Amino acid sequence: MSTRIAFLKGHGTENDFVIIPDPENVIDLPPSAVAALCDRRAGIGGDGLLHVVRSAAHPEAQAMAAEAEWFMDYRNGDGSIAEMCGNGVRVFAHYLQRAGHVAEGDIAVATRGGVKTVHIAKEGDITVGMGKALLPEVDVTVSVGDRSWPARNVNMGNPHAVAFVEDLDHAGDLYTAPPFSPASAYPDGVNVEFVVDRGLRHVALRVHERGSGETRSCGTGACAVAVATARRDGADPAVTGTPATYTVDVPGGRLVITERPDGEIEMTGPAVIVAEGEIDAGWLETVTP
């Protein structure tokens with residue numbers, strides 16, 4: 001390992017990430033190293049880490065290399081592996097453009113949740129094709145303190161439990177994962193969204209992301225919320241034949257989610273790179289068992 005490792009720091013609606021460019025997949029990033037880098041006091045700080053790798057160079061992405069040159073090897077802030085991160089894909093695409101790997105327009109990005117289509121506008125926001133939602137027919141309940149709510153089970157390549165509440169403060173501090181039942185609904189844990197109405201096709205959320213705690217935004221969570229809200233509102237595009245678009249306010253900003261009659265979901269929002277520099281590989285070795 002070289003004595004210095006390049007990194008960048010970026011965010012999408014304040015869902016922030018450490019970005020590690022590693023096209024040939026030569027940097028060892030065990031969970032302990034990722035957690036140290038994402039530590040907000042002793043490291044760089046971030047809700048997660050975007051490991052930028054060519055698909056052909058990563059064993060988990062080689063099968064997708066013909067469709068997508070680049071693989072988003074996403075890790076949660078605690079070092080655990082995640083299938084997908086919607087805000088992360090926008091930041092990932094923004095980095096690829098900034099680095100000169102791609103131009104504006106449509107690109108494909110490989111993720112553990114499949115290949116995602118991304119549109120980079122000439123100026124402004126980035127739109128990500130998030131695929132289709134799965135809605136397992138399981139009755140789920142989430143709890144905070146002595147309050148409990150029914151939750152909609154939505155899978156966006158990663159699992160979500162969407163609960164509609166009267167006040168976002170009812171979600172509590174979200175430092176720890178809200179209890180849910182039955183345990184069999186989410187054997188690997190779940191992202192939990194608490195949602196309130198703000199207006200016509202306009203909602204706001206707070207989210208506990210598994211492996212990260214409360215975050216300022218969650219792209220797949222915003223999509224799950226839009227899908228669950230459309231079903232609640234009787235606006236399922238597959239039934240109405242009309243796209244359903246929802247504005248979703250997150251603590252860190254605003255996302256616009258559209259579900260089409262064919263089930264495909266698009267998410268539009270900003271992506272920002274705020275800094276770049278070098279990590280001392282010697283330090284990283286001291287925090288990696």
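1. Start with Val118. In this predicted model, Val118 has many partners beyond its neighbours within four places in sequence. They are Val89, Ala93, Gly105, Asp106, Ile107, Val109, Ile126, Thr127 and Val128.

2. Val118 also belongs to the largest nonpolar core, which has 53 residues. Met72, Val118 and Ile257 have the most contacts inside this core. Helix α3 (residues 219-232) supplies its largest share, eight residues. Another core lies apart from it, with 18 residues. Val142, Val144, Val192 and Ala204 are among them.

3. Now look at strand β6 (residues 114-120). β6 runs antiparallel to β7, and three bridges join the two strands. For one facing pair, find His119: it stands opposite Thr127 in β7.

4. Check the turn next. β6 and β7 form a hairpin, with five residues between them. Gly124 sits in that turn and has a positive phi of about 110°.

5. Follow β7 to its other partner listed here, strand β17 (residues 264-269). Six bridges join β7 and β17, and these strands also run antiparallel. Here Gly131 stands opposite Ile265 in β17.

6. Why is strand β7 (residues 126-132) described as largely enclosed by the rest of the structure? Five of its seven residues are buried, so the rest of the structure largely encloses it. Buried here means under 20% relative accessible area.

Key: Residues numbered from 1 in each chain as written. Predicted model: local features only at pLDDT ≥ 70, side-chain atom pairs only at ≥ 80, totals over all residues. Heavy atoms only, no water. Buried < 20%, exposed > 50% of the residue type's maximum accessible area, 1.4 Å probe, protein only. Helix = DSSP H or I, 4+ residues; strand = E, 2+ residues; numbered from the N terminus. Pairing = 2+ DSSP bridges. Core = buried A, V, L, I, M, F, W, Y, C linked by side-chain atoms within 4.5 Å. Contact = heavy atoms within 4.5 Å.
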